[in-house]
Amino acid sequence: MDNSKASSVVKVLSEALPYIQKLNGKTIVIKYGGNAMTDENLKIGFARDIVLLKQVGVNPVVVHGGGPQIASLLERVGKESKFIQGMRVTDTETMDIVEMVLGGLVNKSIVTMINQQGGRAVGLTGKDGSLIRATKMQMTSNVDDAPELIDLGHVGEVQTIDPSVVSMLDNDNFIPVIAPIGVGENGESYNINADIVAGKLATVLGAEKLILLTNTVGILDKQENLLTGLSAKEVDDYIADGTIHGGMLPKVNCALDAVKSGVKTSHIIDGRVEHAVLLELLTDEGVGTLLKG
């Protein structure tokens, strides 16, 4: 390494130091999905980011999705994917596949990836230790004059979260990796949106930060400029005037709910950028939108 490269490394480490000091001992919940889960270089970069955070005293908790992997396996077994208002209709057979993919294939792949980079990851679903208690999601049609109840099958909403198993792992220097599957009152499984699980978990854990990895640069204004450092009130205003709309709304609402419920800051960041998590947490510039209460 020549002197200029060495100086660059030292400069980066020096810039990161105050952020590392501020985050030491804090919990950060990270929703992992999108391109960051499918591109090999991004996957390795994400795993290294998580391991580095743990090494410098931060407690990362990973919640992951797996929609494309579920769709792929359903197609292979000849079962059509059906969505209503953006939610996957999940009958009993589909739920078996969802559980197999999220709790098995995807979860264990992420655990292995982090462990290969020197971490100590442990895979969980919301059923382990009754981590996520869930109820069946109730959805009605958009017909104003005669709204009807829509049966989505095993699609759930978070009822309660018991963080004890996650806290135990954190305190014992492990990295929890959580699949968003909840358990019902009678032991039935529910498929839950991973963003929602991450947001609720961040609230219950009293997390310093919630990070949502996406396939966009963050929240944009009407001129497509990146917005960051937004207060909850500013976000509400941008929703009201239509600046934030469409597919970004559920993610923004999740991030907003978290900061309104006590999480210090929420971050919607571009998971297509290599080492996006470290860039957002440990540099002055960041790579996405920061929301605060």
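The paragraphs below lead through a sheet, a pair of helices and two pockets of this structure, which is a predicted model.

A good place to begin is the sheet. Eight strands form an open sheet in the order S5-S10-S2-S1-S13-S17-S18-S16, and their pairing is mixed. At the edges of this sheet stand strand S5 (121-125) and strand S16 (230-231), each of which pairs on one side only. In general, the strands of a sheet pair through backbone hydrogen bonds, and they may do so in parallel or antiparallel fashion. Within this sheet, strand S1 (residues 27-32) and strand S13 (residues 209-214) run parallel and are joined by four bridges. One residue of interest here is lysine 31, whose bridge partner in S13 is leucine 212.

Lysine 31 leads on to the largest pocket, because Lys31 is among the residues that lie nearest the centre of that pocket, together with Asn193, Ala194, Asp195 and Lys251. The volume of the largest pocket is about 1,200 Å³, and its lining is made up of 46 residues. Helix H3 (67-76), strand S4 (87-88), helix H6 (194-205) and helix H8 (248-260) are the elements that give two or more residues to this lining, and H8 gives the most, with eight residues. Sorted by class, the lining of the largest pocket holds 18 nonpolar, 22 polar and six charged residues.

Two of these helices, H6 and H8, also meet each other. Their axes come within 9 Å and cross at roughly 5 degrees; since angles under 35 degrees count as roughly parallel, H6 and H8 are therefore roughly parallel to each other. On the side of H6 the contact is made by Asp195, Ile196, Gly199 and Thr203, and on the side of H8 by Lys251, Cys254 and Ala258. By class, the residues of this contact are three nonpolar, two polar and two charged. Asp195 and Lys251, which take part in the contact, are also among the residues nearest the centre of the largest pocket.

What remains is the second largest pocket, which holds about 350 Å³ of space. It is lined by 19 residues, and those closest to its centre are Tyr19, Lys209, His267, Glu280 and Leu290. At least two lining residues come from each of helix H1 (3-23), strand S17 (265-270), helix H9 (276-282) and strand S18 (288-292), with H1 supplying the largest share, three residues. The lining of the second largest pocket divides into six nonpolar, six polar and seven charged residues. Strands S17 and S18 also bring the reader back to the sheet, where they stand next to each other in the strand order.

Notes
Residues are numbered from 1 along each chain as its sequence is written. This is a predicted model: local features need pLDDT of at least 70, side-chain atom pairs count only at pLDDT 80 or more; totals for chains, interfaces and linings use all residues. Side-chain values use heavy atoms; hydrogens and water are left out. On a 1 Å grid over the protein atoms alone, a cavity is a set of points where a 1.4 Å probe fits but cannot get out, and a pocket is an open set with protein on both sides within 12 Å along at least five of seven lines; lining residues have an atom within 4 Å of a point. Grid points are joined across faces, edges and corners, and a volume is the space filled by probe spheres set on the points. Ala, Val, Leu, Ile, Met, Phe, Trp, Tyr, Cys and Pro count as nonpolar, Asp, Glu, Lys and Arg as charged, and the others, Gly among them, as polar. Axes are lines fitted to C-alpha atoms, for helices over the stretch in contact, and angles run from 0 to 180 degrees between N-to-C directions. Angles under 35 degrees count as roughly parallel, over 145 as roughly antiparallel, 65 to 115 as roughly perpendicular and the rest as oblique. Contact means heavy atoms within 4.5 Å. Two strands pair if DSSP finds at least two bridges between them.
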